[in-house]
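Hi everyone, thanks for having me. I'd like to walk you through one structure today, and please stop me if anything is unclear.

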Amino acid sequence: MSPLPVILIFDVGKTNKKLVLFDDHYRLVYEKSIQLPETVDEDGDPCEDVNLLTDWLQKSFWEISSNEEYEISAVSFSAYGASLVHINDYNKPVAPLYNYLKPYPPALKKQFYDNYGGEISVSMQTASPVLGNLNSGMQLYRLKYQKPDIYFQIKYSLHLPQFLSYLISAGVYSDITSIGCHTKLWDFARNDYHEWVYKEGVDLKLAPIYNGDEVVRISYGGKQIPIGVGLHDSSAALIPYLANFHEPFVLISTGTWCISLNPFNQSPLTADELEKDCLFYLAYEGNPVKASRLFAGYEHEEQTKRLAGHYRTALNYYSTVSYSQEIISKLRSASKYQKEEKEQKGMVKKSLFGERDLAIYVTYEEAYH
């Protein structure tokens with residue numbers, strides 16, 4: 001039998017790293033998921049292990065390309081945002097893949113916003129709430145002023161999707177979907193990098209922007225294979241829906257972050273929306289997409305760890321819990337929870353469950369509900 005032509009997708013999430021194969025009719029023919037252990041940066045903060053990630057991706061590519069059942073006809077990448085890999089003149093990482101949850105130095109944050117017009121002004125211009133290291137441009141600003149020895153070594157700072165592409169294509173590119181995801185780098189009105197990027201010389205650390213709907217080609221196994229330059233995962237999630245549906249819709253993309261994406265709302269962001277963690281993403285064509293975010297997947301992971309520790313169960317015990325209307329009714333009849341529900345108005349930024357004493361619940365099932 002001749003090998004099956006397949007499109008190879010690497011989809012790298014914060015928790016799960018996936019390898020997916022589609023045939024030329026976009027039917028799923030193979031899927032493999034892995035979780036990689038984290039490491040720590042020089043400050044002891046947890047972060048993605050860029051070396052483990054590199055090994056996994058390159059070995060996975062080699063395994064598929066050497067598998068006689070398949071013939072790779074194209075490769076593409078999507079990955080979580082707000083994360084940069086800094087490479088030197090020898091194309092090697094010179095710093096950890098810093099976690100976007102790493103605390104941001106308050107004095108440096110004040111310095112930045114004092115110099116560039118204040119939090120509200122910069123946030124409105126860049127369609128990015130003030131999020132510390134979740135604004136990936138601020139990671140470069142921190143390195144410049146707090147880790148100049150590292151900053152000096154950087155030839156290119158690649159957002160994670162583009163770094164994954166670079167590992168296969170050896171090409172260095174920037175992509176508008178990564179630049180346009182709450183990075184503080186992009187001025188949406190000017191459709192260009194924000195003035196601070198040029199004034200600080202950060203633009204010199206960023207690779208040339210490549211169109212999201214174009215590919216590069218590599219020679220492999222005697223043939224030319226088209227390679228995507230990588231897409232921010234939330235923006236990538238929109239593409240098949242925009243291609244197939246023309247009536248207005250909102251896409252809810254779930255994972256570590258649960259993100260509501262509305263490509264049909266072009267109204268400018270207001271200060272109130274920014275305060276409530278709303279923002280703009282950029283689609284691969286460069287169009288703004290209004291979005292709101294909830295850290296629900298991360299919160300679920302943290303609270304189920306707490307439940308497992310308290311009730312002495314496996315970490316994934318929650319997956320065995322079936323919905324019970326009886327338990328829900330019992331919980332809702334308690335005056336404490338009725339009061340909490342009435343007080344929850346507007347955008348919910350944090351769940352109340354983390355503050356509750358688990359001893360008040362008789363069983364894991366009741367606590368999980």
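I'll go through salt bridges, cysteines, one helix, a few loop residues and a surface patch. One thing up front: this is a predicted model.

Okay, salt bridges. How many does a search of the whole structure find? It finds 19. Let me show you a few of them.

Take Glu48 and Lys17, whose side chains meet in a salt bridge with an N to O distance of 3.1 Å. This pair links distant parts of the chain, since the two residues are 31 residues apart. Glu48 sits in the loop between strand S5 (46-47) and helix H1 (50-65), while Lys17 belongs to strand S2, residues 17-22. Are these two buried or exposed? Glu48 is buried, and Lys17 is too.

Now set that beside Lys110 and Asp114. Here the side chains also meet in a salt bridge, at 2.7 Å from N to O. Where does this pair sit? Both are in helix H2, residues 106-115, and because they are four residues apart there, about one helical turn separates them. If you're new to helices, the background is handy: an α-helix has 3.6 residues a turn, so residues three or four places apart point the same way. Lys110 and Asp114 are both exposed.

A third example is Asp192 with Arg190, with 3.8 Å between N and O. Asp192 is partly exposed, at 25% relative accessible area. Arg190 is partly exposed as well, at 46%.

And salt bridges can join up. In this model, Asp41, Glu42, Asp43, Asp45, Lys102 and Lys147 are linked in a network of them.

On to cysteines. How many disulfides does a search of the whole structure find? Zero. Look at Cys258: the nearest cysteine sulfur belongs to Cys278, and that is 15 Å away. A disulfide needs the two sulfurs within 2.5 Å, so that pair doesn't qualify. Cys278 counts as buried, with 14% relative accessibility.

Right beside Cys278 in the numbering is a residue I'd like you to find, Asp277. It lies in the loop between helix H10 (271-275) and strand S16 (278-282). Asp277 is buried, with a relative accessible area of 13%. What does its side chain meet? There is a polar contact of 3.0 Å between the side chains of Asp277 and Arg293. If we skip neighbours within four places in sequence, Asp277 is in contact with Pro129, Leu131, Trp257, Ala291, Ser292 and Arg293.

Next, please rotate to helix H6, residues 160-169. Why do I call this helix largely enclosed by the rest of the structure? Because 10 of its 10 residues are buried. Among them are Leu160, Phe163, Tyr166 and Ile168, and also Gln162 and Ser165. Just after H6 comes Ala170, which has a positive phi, near 65°.

That positive phi is worth a short pause. Most residues other than glycine have a negative phi. Two more residues here go the other way. Tyr26 isn't a glycine, yet its phi is positive, about 60°. You'll find Tyr26 in the loop between S2 and strand S3 (28-34). Tyr26 counts as exposed, at 64% relative accessibility.

The second is Arg312, again not a glycine, again with a positive phi of about 60°. Arg312 is in the loop between H11 and H12. At 78% relative accessibility, Arg312 counts as exposed.

While we're in that loop, have a look at Thr313. The loop runs between helix H11 (296-311) and helix H12 (325-333). Is Thr313 exposed or only partly exposed? Thr313 is partly exposed, because its relative accessible area is 25%. Leaving out residues up to four places away in sequence, Thr313 touches Ala308 and Tyr364. To get a feel for distance, compare Thr313 with Gly44: they are 269 residues apart along the chain, and their C-alpha atoms are separated by 29 Å.

Last stop, the surface. Which residues form a nonpolar patch there? Leu4, Val29 and Tyr30 do, and together they have about 210 Å² of accessible area. Leu4 is part of strand S1, residues 4-12. With a relative accessible area of 35%, Leu4 is partly exposed.

That's my tour. I'm happy to take questions.

Technical notes
Residues numbered from 1 in each chain as written. Predicted model: local features only at pLDDT ≥ 70, side-chain atom pairs only at ≥ 80, totals over all residues. Heavy atoms only, no water. Buried < 20%, exposed > 50% of the residue type's maximum accessible area, 1.4 Å probe, protein only. Patch = residues over 30% accessible without salt bridge, like charges linked within 9 Å, V, L, I, M, F, W, Y side chains within 5 Å. Areas by Shrake-Rupley, 256 points an atom, 1.4 Å probe, with all protein chains shown as cover. Salt bridge = Lys/Arg side-chain N within 4 Å of Asp/Glu carboxyl O. Polar contact = N/O pair within 3.5 Å; in protein donor to acceptor, adjacent residues only side chain to side chain. Contact = heavy atoms within 4.5 Å.
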